[in-house]
Every structure is written in structure tokens, then in C-alpha cells.
Amino acid sequence: MKLLNGAVVDHGGSLGRARVLFPNALLPFVDLSTGINPHSYPLFDLPATSLSRLPEAARTRDLTEIAASTYGAPSPANVVAAPGTQILLPRVASLISPGKALVLGPTYAEHARAAAIAGHQVAEVDNFEALADADLVIIVNPNNPDGRVIERDRLLALAAGLRAKGGLLVVDEAFMDVGPRQHSVAGDVGRGGLVVLRSFGKFFGLAGLRLGFALSDTATVDRLDTQFGPWAVAGPALEYGIRALADIGWQDVMRASLAGESARLDALFSRFGVPVAGGTTLYRFLSLTNAADLFAALGERGILLRHFADRPDVLRAGLPGSEEEWQRLESALAAWAARRKHLSKGSTPCSVSARLQR
């Protein structure tokens, strides 16, 4: 069990930090450090009123209706829209009185931080059975970064036990758009004691739009909605959310495309001796003893992966967004593999790699 606090943690996607780490890197960076789809939903001309007027309540209702249908929630009354799931985290953690919060890890660090902000005593555990002892349980499903999936039946049994004692299960399904949707518990939120989070920006490749959803029983949705008040979601986000969530054809084609690209990425890593240990079709989870060296070698060539300060033997890699980016990744991997062949055992790691391990 790892005790956690509310400290701010590093995340992928910071090109400013990348430039500090790799000041001589080839630009522009190929940013593979996030799990965001590099092939975004097609941009379109927004109605001028989405920027010149406050959002209409009717348009927000349109969004929650489509979100309920797309995600499989019981009804629109079980859905609240927010300006990104990040802003939901401490609010959801505050739905129950401060107590014992357990996060199934290793996983996305912001959940633990949000629970600590809400006053809970937070710990990260890697044993599913240990979660029943908590007041608040947080599970990312599929998990970030390793893609672990917890079956729906196990989640519902856990939720029932927590509900019986006034506890709460939070299931973050940020990557369920590309996960095994039969294990989503979005359709079960009406039972109470369960909150499901869904992220719009990752699968649709529009993270900067800031749009996310909490799905729960109607009383809990009302509590969250009251905290946000009117106009919580900006007009442009409403328009993109309504159109993209309703576009089932685009979603089906994109899922198939991402599956093909993730298989291509696996094959590329395998060719250069980098083992893929899991992930989703939006990111691959790499496990190797020389992870810091690979991170540094690719970073110096302008290829940014996601490393984890507390887990020096793993990396996460997103999908390249163009054929040029694929070629740059292949060249960087080839150079890394060739250099390793000439390194003698016990050679001093490169400076960036050494700094990351300290």
C-alpha cells in the first residue's frame, strides 16, 4: 500500500518541459506522451452564437441526451456535463464525508490528489480485494497506463458493498471508448453508490475543448449540477460534443483505424527489442529495464514518450499522427538499437537518462 498526498504531479503533454529536458532536440517534437487520439474529429464551422451568446439550457439538454445514448446511461437525468473530467474529480470525491479512500493502482495520479483535496486519507493499492475496506474507491477502467480491465460483474459487486455502508465507487472510463465496452458500468449508475466518468477529448482528439461527463443516480447528478450552476460548458464544446457523440459512423471507423495503428506500433517496437506489456489502442505500455535510456535517446531526437518518476522501468507511448511521425519514430528507434549494440556492459548512461533515474 502506498500512502498518497495532494502534491501536484507531472503529466505527459508538456512541450515546455520537453524543451527543457531536450534543448537540442529536433523540432517539432513528435509528442507521444499523451493518450489523446492524434486523428481528431473533423473540425467544422461553429455557429457565431456559440461564441457571442451564453450557452442555452436547451443546448445543454441536447448534449446530455446524446451523451446518455452514446455512453449507455439510463437517461439524460443520469448525466451531468462539465468543462473536462479534471474539474469533476475533487467534486466527485467530496460526495461522501472524508474517510478512507483507496485507489486501484498504479494509475492516473490525479485521482489520489483530488481525493486528498476532498479531505480523505488516501492510499494506492494493487489488490482489488482490498478495496472493499474503503469508504471511497477509485478505479480507472481501462487503466492508464497499463490498460488493465476489471470485469463489470466485479465492479458491480464492489459497488453494492460500498453502497450498503454509504460508500462510493468511482469508475473512470476515460478510455472505454476504445476499451471492451461490455465491461462498462455506465448503464448501472441508477442503482446508486456509483459514479462513472467519461472523457470526450481523448477519443475524439479534442482535449483542448475541455468537455467531460459524470454519470450517476439522479440525486447525485443534481448535486453535481448545482455545484456548477448555469453555463458550465462553453458554447463551442456543446456544439462539438453534440455532433461528435451522435456521429456513430465516425466512431466505428475510428475504432477500427486505431486498432490497426496500435498493432503497427506494437510491431515497430518489437522489431527493435522493446516489449509491449499492455495498453489500449490509444497508447501502448512498455516495460523494460532500460526505459530511462530509451526515453532519453528518443527525446534527444524529438520523440517524446511518457515516463513515470516513481516507475523507472516503464513508459507509455501514444500513436504517431502522420507518416512522417512514424518514420521519425522508426529512425529514432533504429539509432537507439544500434547504439546499444556498441555499448559495453556497465557504460555510463546519457545525462538525461541519469537525471531521470535520480
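**Exercise 1.** In this predicted model, determine whether Phe-204 is buried or exposed.

*Solution.* Phe-204 has a relative accessible area of 0%. A residue counts as buried when this value is under 20%. Phe-204 is therefore buried.

**Exercise 2.** Classify the aromatic pair that Phe-203 and Phe-204 form.

*Solution.* Step 1: a pair of aromatic rings is described by the distance of the centres and the angle of the planes. Step 2: for Phe-203 and Phe-204, the centres are 5.1 Å apart and the angle between the planes is 65°. Step 3: an angle over 60 degrees counts as edge-to-face, and the pair is edge-to-face. Phe-203 is also buried, with a relative accessible area of 1%. Both residues belong to a cluster linked by ring pairs, together with Tyr-41, Phe-200 and Trp-250.

**Exercise 3.** State how many aromatic pairs the whole structure holds, and analyse the pair of Phe-22 and Phe-295.

*Solution.* Step 1: a search of the whole structure yields ten aromatic pairs. Step 2: in one of them, the ring centres of Phe-22 and Phe-295 are 5.6 Å apart and the planes stand at 55°, so this pair is tilted. Step 3: Phe-22 lies in the loop between helix 1 and strand 2, and Phe-295 lies in helix 11, so the pair ties together parts that are 273 residues apart in sequence. Step 4: Phe-22 and Phe-295 are both buried.

**Exercise 4.** Identify which rings Arg-264 and Arg-316 lie over.

*Solution.* Arg-264 lies over the face of Trp-326, 4.1 Å from the ring centre. The charged end of Arg-316 is placed over the ring of Tyr-283, at 5.6 Å from its centre.

Key
Residues are numbered from 1 along each chain as its sequence is written. This is a predicted model: local features need pLDDT of at least 70, side-chain atom pairs count only at pLDDT 80 or more; totals for chains, interfaces and linings use all residues. Side-chain values use heavy atoms; hydrogens and water are left out. Rings of Phe, Tyr and Trp (its six-membered ring) pair if their centres lie within 6.5 Å; planes under 30 degrees apart count as stacked, over 60 as edge-to-face and the rest as tilted. Helices (H or I, at least four residues) and strands (E, at least two) are DSSP runs, numbered from the N terminus. Buried means under 20% relative accessible area, exposed over 50%, partly exposed in between (1.4 Å probe, protein chains only). A charge sits over a ring if NZ of Lys or CZ of Arg is within 6 Å of the ring centre and within 35 degrees of the ring normal.
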